[in-house]
Amino acid sequence: MPKTRVHELAKTLNMGSKDLIEKLKQMNIEVKSHMSVLTDVDVDKVLDKFSQKKESENNDNINKTIEPKKSTEDTKNGVQRKAEVTESLADKQPQKQKKKKKQKQNNMRQSEEITEESSENTDTGDDIKIIQLPSKVTVKELSEKLDKNSTEIVMALMKIGIMATINQEVEFEIARIIAEGYDVIAEEAEEIDLLEETFKEDDNAEEDTEERPPVVVVMGHVDHGKTSLLDAIRHSKVTANEAGGITQHIGAYTVSIDDKPITFLDTPGHEAFTAMRMRGAQVTDVAILVVAADDGVMPQTIEAINHAKAANVDIIVAINKIDKPSANPDRVKQELVEYGLVAEDWGGDTICVPVSAISKTGIDQLLEMIILVSEMKELKANSEKKARGTIIEAQLDKGRGPVATVLVQNGTLKVGDPVIAGSCYGRVRAMMNDKGQKVKKAGPSVPVEILGLSEVPQAGDMFYVAKNEKQARQVAESVIAKGREDMLKNTPQRVSLDDLFSQIQAGNVKELNIVIKADVQGSVEAVKLSLEKLSNDEVHIRTIHGGVGAITESDVMLASASNAIIIGFNVRPEASAKSFADDQKVDIRLYRVIYNAIEDITAAMKGMLDPVFEEKVIGHAEIRQLFKASGVGTIGGSYVLDGKILRNCQVRIVRDGKVVYEGELAALRRFKDDVKEVNGGYECGLLFNKFNDIKEGDIVEAFVMEEIPQ
């Protein structure tokens, strides 16, 4: 039997889905959203009610039409009576006003007396003073806030065991204790965003706003058809300009559906999405999660779900490649349930649309769902204000200088506007839309490429239109100065197992976030459950992401954004991820045994962590040819990619991001000779201790264990 959904019935009755939901609730018909299914009985009840309402309206109109006209005499009498009433009211009004005025004067006199009494009470010191303090404050600033002498505050600090000079900073908690000693309540002031404070605007009045297009991000696993799906929507070949048909950068495109524009963001996986969330930019309204019907939920799919949920955006699942013989949409829905996404036809509230980017099946239905979801969100913006928005991507072009793709979120951006984005500023010299055409202005939810900034901004930075170029430059310089201070303050505050106990004691850590990567999904769950059981009253352990495969830059970015540590179980970090983790000061811990991870985190929480050895990677080699030697085993003819390989070093063999062997190097040969070491760029023969199952293409990672003093 065909099902009737709320939005379909709303369309039939020629009214908005939201209005219909309200009417249904009044009729005691429970519905969750515009996608809820109505029973035939409910549909008949609604149709009957609306047909009765229409009939009564028609009858009212007929009655008005055939109502007998009043006689001229009745009309005259009515007018006369109205005049008499008006006259009597006019006579009574002055008396009423006099009475009100007198009462008002008495009230004012009484309030003045009360005010005088309250001011007398204030003089006696009965009221309590409240002051706002930052997270760190100098002794001199604290004394000024408390109206006390600096020496007096220094003495008060000495009494609680803190030796400080007048220019020394103290933590807010210490300042609060000192303030309480003087009967003053200290409240911690909120951190002010310099740019937000400078370009603060009044809230938009309802009448000043207008409907804006939704911004949709397309996410999912590699090769599941994200760009092909977007290409099917845009009717153009996005992938034609990309190396190997893979998206190498973020694109922003506007598509018009039934005269309703939608802005699409196409991202390479989810890294850019994480970077934007890391800087606090909420740019998207709806996320389309593309999952291949023949492949199912994959590691990057899970990461995309986690990032979309963390950014608090609505998720629509597009089950792609349904025209393939091996397609199984039900299996995809089953796998999605494990990650909290239950399809509507399974009793949940997640919209799942089966599509095919090749045959363009289901594209119209997908677009209709996007429009419906955006209508329910009631997206609005004021196009008359000065523009503000987010940097989607930026690059340095040899001929044009810094080029930034921006998404306008409020107001209208025009050519010639002075703009600021983070520490970058400038004047918009030119603007191009997604089709490469020059435009003079761009309104809310419109992506454009701009020229004229002083340097390349970061993806995810907010941009604002300033009064003039001078103001933009001054604010940018202030941002640079504040950024230096914040960097110096925050650098040592990154969580690592080595200083976890000291940070717990200092009150800096209430929650320990963990990113888990393992060789198989079962290990992820085992590690997750084991570690989360270690939570106690002082610190709560929370797994923000768990996945299968090597540790990537994306994992490091997520850990950096969430101040988390990364636990690797039987996997290794990619070379780029390792260097990125060092830059971001993200702690990566690698284990082969679950109990070692549990012991380390337990010890760190108790302050007993005692690292004795640290692994130092000395080189990598690739096995390119295999040689069988009787009585010896399989020798791997290898090429040293970087660093060097030592005779007595430890090695691990990595195949497809997973560790298949870890142990000692039994022999190192160059031609027929045993050698002590082989440097990068040279060939060698490698023999592994009690392991012959090597394959061409395996990566050999050589390392030594160095003792680290505590």
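Start with Thr 301. Leaving aside neighbours within four places in sequence, Thr 301 is in contact with His 221, His 224, Leu 289, Val 291 and Gly 296. The model is predicted, and these contacts are computed from it. Thr 301 sits in helix α11, which spans residues 299-310. Is Thr 301 buried or exposed? Its relative accessibility is 0%, so Thr 301 counts as buried. One of its contacts, His 224, comes from well back in the sequence: 77 residues separate His 224 from Thr 301. In space, the two C-alpha atoms are 9.5 Å apart.

Now step back to the chain. It has 710 residues, and 42% of them count as buried. The secondary structure comes to 19 helices and 34 strands. Among contacts with a separation of 6 or more, 70% join residues 24 or more positions apart. The Thr 301 contact with His 224, across 77 residues of sequence, belongs to that group. As for the surface, the chain exposes about 40200 Å². Carbon and sulfur atoms supply 48% of that area.

Next, the barrel. How many strands close into it? There are 6, in the order β15-β16-β21-β19-β18-β22. Their pairing is antiparallel. On average, neighbouring strands of this sheet are turned by 45° against each other, direction ignored. Strands of a sheet pair through backbone hydrogen bonds, in either a parallel or an antiparallel way. Take β15 and β16 as a worked case. Strand β15 covers residues 388-397, and strand β16 covers residues 401-410. They pair in the antiparallel sense over 9 bridges. To find the register, look at Gly 389, which stands opposite Val 408 in β16.

Further along the chain there is a group of aromatic rings. A search of the whole structure finds 2 aromatic pairs. In one of them, Tyr 661 and Phe 688 have ring centres 6.1 Å apart. Their planes meet at 65°, which is over the 60 degrees required, so the pair is edge-to-face. Tyr 661 lies in strand β30 (residues 658-670) and Phe 688 in strand β33 (residues 683-688). The pair therefore ties together parts that are 27 residues apart in sequence. Both rings belong to buried residues: Tyr 661 has a relative accessibility of 10%, and Phe 688 has a relative accessible area of 3%.

Tyr 661 also pairs with Phe 691, and this pair is stacked. The centres are 4.6 Å apart, with 15° between the planes. Phe 691 lies in the loop between β33 and β34 (699-707), 30 residues from Tyr 661. This pair, too, links distant parts of the chain. Phe 691 counts as buried, because its relative accessibility is 14% and the cut-off is under 20%. Together, ring pairs link Tyr 661, Phe 688 and Phe 691 into a cluster.

Last, the cysteines. How many disulfides does a search of the whole structure find? It finds 0. Cys 684 is in no disulfide, and the nearest cysteine sulfur is that of Cys 649, 9.9 Å away. A disulfide needs sulfur atoms within 2.5 Å, so that distance does not qualify. Cys 684 counts as buried at 7% relative accessibility. Cys 424 is buried as well, with a relative accessible area of 2%.

How values were computed:
Residues numbered from 1 in each chain as written. Predicted model: local features only at pLDDT ≥ 70, side-chain atom pairs only at ≥ 80, totals over all residues. Heavy atoms only, no water. Pairing = 2+ DSSP bridges. Helix = DSSP H or I, 4+ residues; strand = E, 2+ residues; numbered from the N terminus. Axes fitted to C-alpha atoms, helices over the stretch in contact; angles between N-to-C directions. Buried < 20%, exposed > 50% of the residue type's maximum accessible area, 1.4 Å probe, protein only. Contact = heavy atoms within 4.5 Å. Areas by Shrake-Rupley, 256 points an atom, 1.4 Å probe, with all protein chains shown as cover. Phe/Tyr/Trp six-rings, centres within 6.5 Å; stacked < 30°, edge-to-face > 60°.
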